[in-house]
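Dear colleague,

Please find below the structure that I am handing over to you. My notes on its side-chain interactions follow it.

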Amino acid sequence: MAEATLSQRILESYDDLTRQERRLADLLLENPDLLGLHSATEISGKANVSKATTARFFRRLGYASFKTAQKKAREGSNAPEPRSRPEKLERKVGRGQLADHLAGDVQNLVRTIETLRSDELNMAIHLLARAEKFWVVGFGDNYPLAHFARALLIRIKPDIRMIPIGGFSVPEEFASISPTDAMLALGVGRKTRNLRSIMRSAIRAGVQVIYLTDQAARGSAEVANVTLRCRTRGVSVYESVVAPVSLITYLCSAVALRIGEDAIERLHFIEHIHEEWGDLVPGDL
């Protein structure tokens, strides 16, 4: 069995960490390379914690010392491992399992909101609201999330492009991008080469890219202007998408409010079309 990476150890222990230790955790989740490149004193300074907190933090993660963790980082044993199925699944079923599921998702929401930086969140809303058109990108498991985001955004803005779409070639779709656009890129869990290529090309084209991903993802200026991380820890077979769905909903609502009257008028116009066509069942089925 492969040894747990630094990011995996942090995510496993995150709920038990003190506030000071979480500063270190957030710093290293965002940039795991710091461990191999800087001393304990330098990392303590970057996280604004004491050196004693840093030493205690690495012992809590299961390392003998900071030096041990740093040695593993330099040997590359803290590199992200391919995601694998859990070797042992909980057999508990019924209300107990449901309670664990609920508690896990509540923790995912709380920790996500605690770690989101308000300046980055406000920047994401600002960039989306001022864009001429939106691009929503999500491959594989992120495709449903991208579809959900597009379904919300199309109600408040007329020109929403989605990648991938219906088997069409991506470069032909991407060719319509312009520097006045903004892109919401979804990278929760598995990330594809296509996603990275599109984000890099979008940045080079002058597009404002907002990257919504999980806590262990790095993000960088090479692929995104703003990176928003969600906690997605699952309690059984699957990872949780409660926090990403909640954050997408919040972002779209905030963008609608920032756009203002134009968004409200579009919402009313869509409702008017539904009423005129009579395609919605009034009340319950």
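Arg111 is buried, because its relative accessibility is 10% and the cut-off for that class is under 20%. Please bear in mind throughout that this is a predicted model.

Salt bridges

Arg111 forms a salt bridge with Glu114, and the closest N and O atoms of the two are 2.8 Å apart. Both residues belong to helix α7 (residues 95-115), where they are 3 residues apart, about one turn of the helix. Glu114, in contrast to its buried partner, counts as partly exposed at 46% relative accessibility.

Across the whole structure, the search finds 11 salt bridges. One of them joins Glu21 to Arg60, with 3.1 Å between the closest N and O atoms. Glu21 is in helix α2 (residues 19-30) and Arg60 is in helix α5 (residues 51-60), so this pair ties together parts that are 39 residues apart in sequence. The two ends of the bridge differ in their surroundings: Glu21 is buried, at 0% relative accessibility, whereas Arg60 is partly exposed, at 37%.

A further salt bridge brings together the side chains of Arg117 and Asp119, at 2.7 Å from N to O. Here Arg117 is partly exposed, with a relative accessibility of 43%, and Asp119 is likewise partly exposed, also at 43%. Elsewhere, Glu21, Arg56 and Arg60 are joined into one network by salt bridges that share partners.

Packing of α2 against α5

How are the two helices that carry Glu21 and Arg60 arranged? The axes of α2 and α5 lie 10 Å apart, and the helices pack at an angle of about 70 degrees. The two are therefore roughly perpendicular to each other, as angles of 65 to 115 degrees are counted in that class. On the α2 side, the contact is made by Gln20, Glu21, Leu24, Ala25 and Leu28; on the α5 side, by Thr53, Thr54, Arg56, Phe57, Phe58 and Arg60. The three members of the salt-bridge network, Glu21, Arg56 and Arg60, thus appear among the contact residues.

Aromatic rings

The search of the whole structure also finds 4 aromatic pairs. In one of these, the ring centres of Phe58 and Phe66 are 5.3 Å apart and the ring planes stand at 80 degrees, so the pair is edge-to-face. Phe58 is buried, at 0% relative accessibility, and Phe66 is buried too, with a relative accessible area of 9%.

Another pair consists of Trp135 and Phe174; their ring centres are 6.4 Å apart and their planes are at 50 degrees, so the pair is tilted. Trp135 lies in strand β1 (residues 134-137) and Phe174 in helix α10 (residues 170-174), so these rings tie together parts that are 39 residues apart in sequence. Trp135 counts as buried at 1% relative accessibility, and Phe174 is buried with a relative accessible area of 15%.

Ring pairs also link Phe57, Phe58, Tyr63 and Phe66 into a cluster. Two of its members, Phe57 and Phe58, are on the α5 side of the helix contact described above. A charged side chain meets this cluster at Tyr63: Arg9 lies over the face of that ring, at 4.0 Å from the ring centre.

With kind regards

Key: Residues are numbered from 1 along each chain as its sequence is written. Side-chain values use heavy atoms; hydrogens and water are left out. Rings of Phe, Tyr and Trp (its six-membered ring) pair if their centres lie within 6.5 Å; planes under 30 degrees apart count as stacked, over 60 as edge-to-face and the rest as tilted. Buried means under 20% relative accessible area, exposed over 50%, partly exposed in between (1.4 Å probe, protein chains only). Helices (H or I, at least four residues) and strands (E, at least two) are DSSP runs, numbered from the N terminus. A charge sits over a ring if NZ of Lys or CZ of Arg is within 6 Å of the ring centre and within 35 degrees of the ring normal. A salt bridge is a side-chain nitrogen of Lys or Arg within 4 Å of a carboxyl oxygen of Asp or Glu. Axes are lines fitted to C-alpha atoms, for helices over the stretch in contact, and angles run from 0 to 180 degrees between N-to-C directions. Angles under 35 degrees count as roughly parallel, over 145 as roughly antiparallel, 65 to 115 as roughly perpendicular and the rest as oblique. Contact means heavy atoms within 4.5 Å.
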